[in-house]
Amino acid sequence: MQEQKRVPLLNPKPYKARYNFHQQDIFEINWSPKDPSSPYLLSVSADCIVVIWNINFEKPIQILQHSDILCSALFVKPTSENYVASGCFDKMIRIWNVNQRKVIDWQQTSNYITAMQINQSGDKLVVGLLDGICLVYDYSKPYAPSSSQSSLNPMRKLFNKDPQMDQYGYNAD
């Protein structure tokens, strides 16, 4: 077998100076999906904060404080950096209005949240849990909840991590 020559793809010198705000491990970093050239990104850390950055500045532009260790966060509107979803070890999904630094919606899950992702059109939010289950939430239109429910649409598909299962369960609680 012939050895392939390495072709460097990353410039060894970072594009920007270090951003140093978090005090503990960083678990996730996400760019804003609004525009491919958007300067906004967010970072998620064990120090219980989501930090929103403009890469053209060294200081954060917004800090979202949480009560427990964060594992995941992302911008949830493809056309705006003003909405962020976050997931913590307290088993809560939170939807934030960034400008107001306020939680505007939430949903309790059955286990620790370990990952989150929004689809390209911004109408489905998938949340990964510690027990291997993925919850897919409809985020396309406001949900009309009873006074005790969240406005995230509670209809979700549950995917089991068992490789022998070829079908998913459907839960419309």
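This note comments on the confidence, the sheet and one exposed residue of a predicted model.

1. Basis. Residues are numbered from 1 along each chain as its sequence is written, and side-chain values use heavy atoms, with hydrogens and water left out. The model is predicted, so that local features need pLDDT of at least 70 and side-chain atom pairs count only at pLDDT 80 or more, whereas totals for chains, interfaces and linings use all residues.

2. Confidence. The protein chain has a mean pLDDT (the predictor's confidence in each residue, from 0 to 100) of 76, with 78% of its residues at 70 or more. Over residues 145-173 pLDDT stays under 50, and for this stretch the model has 56 contacts (heavy atoms within 4.5 Å) beyond four places in sequence.

3. Sheet. An open sheet is formed by four strands (DSSP runs of E, at least two residues, numbered from the N terminus) in the order β5-β6-β7-β8, with antiparallel pairing (at least two DSSP bridges between two strands). Because β5 (70-77) and β8 (102-108) stand at the edges with a single partner strand each, one side of each is left without a neighbour in the sheet. From one strand to the next, the twist averages 25° (axes are lines fitted to C-alpha atoms, and angles run from 0 to 180 degrees between N-to-C directions).

4. The β5-β6 pair. Six bridges join β5 to strand β6 (residues 80-88) in the antiparallel sense, and L70 stands opposite C88 in β6.

5. Y15. This residue lies in the segment before β1 (26-31). Y15 counts as exposed (over 50% relative accessible area, with a 1.4 Å probe and protein chains only) because its relative accessibility is 66%. Although Y15 and I55 are 40 residues apart in sequence, their C-alpha atoms are 9.8 Å apart in space.

How values were computed:
Buried < 20%, exposed > 50% of the residue type's maximum accessible area, 1.4 Å probe, protein only.
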